[in-house]
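Q: I'm new to reading protein models and would like a close look at just one part of this one. Could you take me through it slowly, in plain language?

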Amino acid sequence: MAAVAGGLVPDLRHSGVIAQGEALNMIVLEGALKHNGMVSFKSALKAADSEAIRQYLIKRANDDKALEGK
């Protein structure tokens, strides 16, 4: 875990789950990790929103990797 936005939360930019859209949907929309405190956001998000989040996380992970190479 990393300190993100002033709190202690998982840094999803480094999660293997972002490589698989369906896996992220199961977590974000279906609540697959509710036993770990990650509730379902199905009432607020659609599958397209979950995919947009995934694409953003991939972009940020790639941006971070590019900065490491400099």
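Which helix holds both Glu51 and Arg54, and how many residues apart are they?

A: Both Glu51 and Arg54 sit in helix α2, and they are three residues apart, which is about one turn of the helix. Keep in mind that this is a predicted model. To get your bearings, the chain has two helices and two strands, and going from the N terminus the order is β-β-α-α. Helix α2 covers 47-68, so let's stay with that helix and see what its side chains are up to.

Start with your pair. Glu51 and Arg54 form a salt bridge, with 2.9 Å between their closest N and O atoms. Their surroundings don't match, though. Glu51 has a relative accessible area of 29%, so it counts as partly exposed. Arg54 comes in at 13%, so it counts as buried. The cut-off behind that word is a relative accessible area under 20%. If you look at the whole chain of 70 residues, 21% of them count as buried.

Now slide along to another pair. Asp63 and Lys59 also both lie in α2, four residues apart, again about one turn of the helix. Their side chains meet in a salt bridge at 2.7 Å, N to O. Here both partners are partly exposed: Asp63 has 31% relative accessibility, and Lys59 has 48%. Salt bridges that share partners also tie Asp11, Arg13 and Asp64 into one network. Arg13 is worth a second look from where Lys59 sits: the two are 46 residues apart in sequence, yet their C-alpha atoms are 8.6 Å apart in space. The count of salt bridges comes to five.

One of those bridges is found outside the helices. Glu30 and Lys42 meet side chain to side chain, 3.2 Å from N to O. Both belong to the loop between α1 and α2, and with their positions twelve residues apart in sequence, the pair links distant parts of the chain. Glu30 is partly exposed, since its relative accessible area is 41%.

Charged pairs are one side of the story, and greasy residues are the other. The largest nonpolar core is made of eight residues: Val17, Ile18, Leu24, Ile27, Val28, Leu29, Leu57 and Ala61. The elements that give two or more residues to this core are α1 (21-28) and α2. The top contributor is α1, with three residues.

Try zooming in on Val28, a member of that core. Leaving aside residues up to four places away in sequence, Val28 touches Met38, Val39, Ser40, Phe41, Lys42, Leu45 and Ser50. Lys42 should ring a bell: that is the salt-bridge partner of Glu30.

Finally, zoom back out to the whole chain. Among contacts between residues at least 6 apart in sequence, 32% join residues at least 24 apart. The accessible surface comes to about 5,100 Å², and carbon and sulfur atoms account for 60% of that.

Back to your helix, then. In α2 you have Glu51 with Arg54 and Asp63 with Lys59, each pair about one turn of the helix apart, while α2 also gives two or more residues to the largest nonpolar core.

Technical notes: Residues numbered from 1 in each chain as written. Predicted model: local features only at pLDDT ≥ 70, side-chain atom pairs only at ≥ 80, totals over all residues. Heavy atoms only, no water. Core = buried A, V, L, I, M, F, W, Y, C linked by side-chain atoms within 4.5 Å. Buried < 20%, exposed > 50% of the residue type's maximum accessible area, 1.4 Å probe, protein only. Contact = heavy atoms within 4.5 Å. Salt bridge = Lys/Arg side-chain N within 4 Å of Asp/Glu carboxyl O. Areas by Shrake-Rupley, 256 points an atom, 1.4 Å probe, with all protein chains shown as cover.
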